[in-house]
Amino acid sequence: MKFFIDTANLNEIREAHDLGVLDGVTTNPSLMAKEGIVGYDNVMKHYKAICEIVDGDISAEVIATDFETMVKEGEELAQLHPNIVVKVPMTRDGVKAIKYFTDKGIKTNCTLIFSAGQAILAAKAGATYVSPFVGRLDDIGTDGLDLIDQIVNIYQNYGFPTEVLAASVRHVMHLVKCAEIGADVVTCPLNVITGLLNHPLTDSGLAKFLADHKKANA
């Protein structure tokens, strides 16, 4: 399983990278705005900065909603760095854009996936990744993990090369369950990744070991 961090914060990206387990980054306009990154030139510069930290796929999202402008924006993003993956929304024009980018050899991430049918369309169009949103489905009383399971099974049935990128992963158990199901990638905040480190028995065991070591060397 690949670990992507869902942020535009360079310090968080560096921390995850330094941990030695980071495979990529996902971003979106909301995350950019949260970091105060505004304006076309600043956004493009920020994507380049991320690519300098992480040697892995970096999802950069188009803002446009129509096919022609999606293509224009996506091509500009793809020219920034070989690791850029153009993030495209699951819409009619989005699917058309994914097919266009696929034919041009540009990697894509189809975002805002909330059904298996949407995931099938994205895979048929040649998406590199699909991003089903686990947490947002949970918010409306639907089990987002069931959708991950469904998409993984469908892709296995037909040998789709599209990778299932579980998004809106909000806590450690989301991540672990996605791993059990067989998601190819999870993208989540830094605290979810570092949360995997924690267990009270590890803490107490280490404390006892250190205490015993101190006694033995007193």
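Welcome! A good place to start in this predicted model is a pair of residues on neighbouring strands: Val130 has Val164, in strand β7, as its bridge partner. From there we can follow strand β6 outwards to its other neighbour, to helix α6, and then to some aromatic rings.

**Strand β6 and its neighbours**

- β6 covers residues 129-132, and its side chains point two ways: Tyr129 and Ser131 to one side, Val130 and Pro132 to the other, with all of them buried.
- This fits a general pattern, in which side chains of a regular strand alternate between the two faces of the sheet.
- With β7 (residues 163-166), β6 pairs in the parallel sense over two bridges.
- With β5 (residues 108-113), β6 also pairs in the parallel sense, here over three bridges.
- One of the residues involved is Ile113, whose bridge partner in β6 is Pro132.
- To get from β5 to β6, the chain passes through helix α6 (residues 116-125), making a right-handed β-α-β crossover.

**Helix α6**

- Buried residues in α6 are Ala116, Ala119, Ala122, Ala123 and Ala125.
- In general, an α-helix has 3.6 residues a turn, so residues three or four places apart point the same way.
- The buried residues of α6 are covered by elements including α5 (92-103), β5, β6 and α8 (144-158).
- Just after the helix comes Gly126, which takes a positive phi of about 100°.

**Aromatic rings**

- There are six aromatic pairs in the structure.
- One of them joins Phe67 and Tyr100 edge-to-face, with 6.2 Å from centre to centre and 90° between the planes.
- Phe67 belongs to helix α4 (residues 67-78) and Tyr100 to helix α5, so this pair ties together parts 33 residues apart in sequence.
- Tyr100 is partly exposed, as its relative accessible area is 24%.
- Phe114 and Phe133 form a pair described as tilted, because their planes stand at 45°, with ring centres 5.6 Å apart.
- That pair links distant parts of the chain, 19 residues apart: Phe114 sits in the loop between β5 and α6, and Phe133 in the loop between β6 and α7 (134-139).
- The two rings of this pair belong to residues with these settings: Phe114 is partly exposed at a relative accessible area of 32%, whereas Phe133 is buried at 9%.

**Around Phe67**

- Ring pairs link Phe67, Tyr100 and Phe101 into a cluster.
- Lys96 also joins the picture, lying over the face of Phe67 at 5.1 Å from the ring centre.

Technical notes:
Residues are numbered from 1 along each chain as its sequence is written. This is a predicted model: local features need pLDDT of at least 70, side-chain atom pairs count only at pLDDT 80 or more; totals for chains, interfaces and linings use all residues. Side-chain values use heavy atoms; hydrogens and water are left out. Buried means under 20% relative accessible area, exposed over 50%, partly exposed in between (1.4 Å probe, protein chains only). Helices (H or I, at least four residues) and strands (E, at least two) are DSSP runs, numbered from the N terminus. Two strands pair if DSSP finds at least two bridges between them. A crossover is right-handed if, with the strands pointing away from the viewer, the path from the first strand over the helix to the second runs clockwise. Contact means heavy atoms within 4.5 Å. Rings of Phe, Tyr and Trp (its six-membered ring) pair if their centres lie within 6.5 Å; planes under 30 degrees apart count as stacked, over 60 as edge-to-face and the rest as tilted. A charge sits over a ring if NZ of Lys or CZ of Arg is within 6 Å of the ring centre and within 35 degrees of the ring normal.
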